[in-house]
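Colleague: I'd like a close look at one part of this model, namely its inside. Please take it slowly, and then work your way outwards.

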Amino acid sequence: MPRPLWSGAISFGLVTIPVKLMSATEDRSVRFHQVHTEDLGRVRVRKYCEAEDREVSAAEIGKGYEVARDTLVAVTDEELERMPLPTAKAIEIVAFVPAASIDPVRLSGDSYFLQYDGPVAAKPYVLIAQALARNTKVAVAKLAWHGRERLVLLRVRDGALVAHVLKWDDEVRDPSELAPKETKVTDSEIGEALQLIDSMTTDDISGYQDEYRKALEAVIEAKAEGRQPPKPSTEAEEPGGKVVDLMAALQESVRKAQAARGENAGDAEVHEMPKKPVARKPASKTPDRKTAKKTAAAKKPARRQRGA
């Protein structure tokens, strides 16, 4: 496990659980250095003070907030640490909510494991972990860390508590203007899309790999050994620009998805869209005009011809 990034305690009512926070994920991306293309010399960023026109060291650099144009206020790390926040050294649980009520767009992507800190913390740690595991709720808590207060979601994974950083309400943009207006799709098209979803459904996504990273590592390895980078086996098809029959595209996608999983075309679950109730007009007690005319004509006696 990596080294702890933060230490404090979970505040659960009157229960306090000392914990350590450590990163739950790691970035495996390939990193590049900036170099001078002529001689591959490293290009580094140097930090200069505008007032003195000289390079400054990290020890001379602090924080400043611009309250007005060309007017800065200095804020020290000590002042930030002394801020009167109850969450400064505690993960304060403020509510429990259904897990399904958390919009995934609020997840910032930062996830952390919480490790109990010391033998005294073991029992209350297991208590809250098992309580969360036995229902569909997750804990929402506040945490002051790295110069700001954060909203976090606490859940259980393999008996361990996991914290996911959430965006605040005012940090999530309104997407209502992005949805296409007055675009209609048929019930048959929706049913075919549901069938495609069934054909692509799986319970395990652990087999997926970063193909871009693998290809990039192969390029770097070849160049390091003085070889030509491998060439792509197939040319990627340019997306977009083609007008397609949506229904035909859905049906072909279902067929390919089923073939990839070794299924027959008839194995996928067929979704029937609910039929809209047909509004029936109540039977009219009074006949309409056409019916009334026909009835009157039938009852009227035939006119006698002259001279009969």
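Modeller: Let's start with how the chain meets itself. Of the contacts between residues at least 6 apart in sequence, 62% join residues at least 24 apart. Keep in mind that this is a predicted model. The chain has 308 residues, and 18% of them are buried. Its secondary structure comes to 6 helices and 11 strands.

Now for the inside. The largest nonpolar core has 23 residues, and those touching the most other members are Ile 10, Val 19, Ile 91, Leu 114, Leu 154 and Leu 161. Which elements supply at least two residues each to this core? They are the strands β1, β2, β7, β8, β9, β10 (148-157) and β11 (160-166), together with the helix α2 (122-133).

Pick Leu 161 and look around. Leaving out residues up to four places away in sequence, Leu 161 touches Ile 10, Tyr 112, Phe 113, Leu 114, Tyr 125, Ile 128, Ala 129, Leu 132, Arg 155 and Val 156. Two names on that list, Ile 10 and Leu 114, you've already met among the core residues that touch the most other members.

There's also a second core, separate from the largest one, with 6 residues that include Ile 102, Val 138, Val 140 and Leu 153. Let's zoom in on Val 138, which sits in strand β9 (residues 137-145). Is Val 138 buried or exposed? Its relative accessible area is 7%, so Val 138 is buried, since the limit for "buried" is under 20%. Beyond its neighbours within four places in sequence, Val 138 is in contact with Ala 95, Phe 96, Val 97, Ala 99, Ile 102, Leu 132, Leu 153, Leu 154 and Arg 155. Take Val 97 from that list: along the sequence it is 41 residues from Val 138, yet the two C-alpha atoms are 5.6 Å apart in space.

Phe 96, another contact of Val 138, brings us to the rings. A pair of aromatic rings is described by how far apart the centres are and by the angle of the planes. The structure holds 3 aromatic pairs. In one of them, the rings of Phe 12 and Phe 96 have centres 5.8 Å apart and planes at 70 degrees, so the pair is edge-to-face. This pair links distant parts of the chain, with Phe 12 in strand β1 (residues 6-12) and Phe 96 in strand β7 (residues 90-98), 84 residues apart. Neither ring residue counts as buried: Phe 12 is partly exposed at 28% relative accessible area, and Phe 96 is partly exposed at 36%.

Next, Tyr 112 and Trp 145 have ring centres 5.2 Å apart and planes at 75 degrees, so they are edge-to-face too. Here Tyr 112 in strand β8 (residues 107-116) is linked to Trp 145 in strand β9, 33 residues away. Tyr 112 is buried, with a relative accessible area of 12%, and Trp 145 is buried as well, at 9%.

Now let's head outwards. The chain exposes about 25,900 Å², and carbon and sulfur atoms supply 53% of that. Some nonpolar residues gather out here: Tyr 65, Val 67 and Val 73 form a surface patch with about 310 Å² of accessible area together. Val 67 lies in strand β5 (residues 63-68) and counts as exposed because its relative accessibility is 52%. Set that beside Val 138, the buried valine we looked at earlier.

Last stop: charges. Side chains of opposite charge can pair when their charged atoms come close. The whole structure has 12 salt bridges. One of them joins Asp 77 and Lys 63, at 2.7 Å from N to O. That bridge links Asp 77 in helix α1 (residues 77-81) to Lys 63 in strand β5, 14 residues apart. Asp 77 is partly exposed, with a relative accessible area of 41%, and Lys 63 is partly exposed at 47%. Another salt bridge pairs Arg 106 with Asp 169, their closest N and O atoms being 3.0 Å apart. Arg 106 is in the loop between β7 and β8, while Asp 169 is 63 residues away, in the loop between β11 and α3 (187-199). Asp 169 is exposed, at 60% relative accessible area. Finally, Glu 52, Arg 54 and Glu 60 are joined into one network by salt bridges that share partners.

Notes:
Residues numbered from 1 in each chain as written. Predicted model: local features only at pLDDT ≥ 70, side-chain atom pairs only at ≥ 80, totals over all residues. Heavy atoms only, no water. Patch = residues over 30% accessible without salt bridge, like charges linked within 9 Å, V, L, I, M, F, W, Y side chains within 5 Å. Areas by Shrake-Rupley, 256 points an atom, 1.4 Å probe, with all protein chains shown as cover. Salt bridge = Lys/Arg side-chain N within 4 Å of Asp/Glu carboxyl O. Helix = DSSP H or I, 4+ residues; strand = E, 2+ residues; numbered from the N terminus. Buried < 20%, exposed > 50% of the residue type's maximum accessible area, 1.4 Å probe, protein only. Contact = heavy atoms within 4.5 Å. Phe/Tyr/Trp six-rings, centres within 6.5 Å; stacked < 30°, edge-to-face > 60°. Core = buried A, V, L, I, M, F, W, Y, C linked by side-chain atoms within 4.5 Å.
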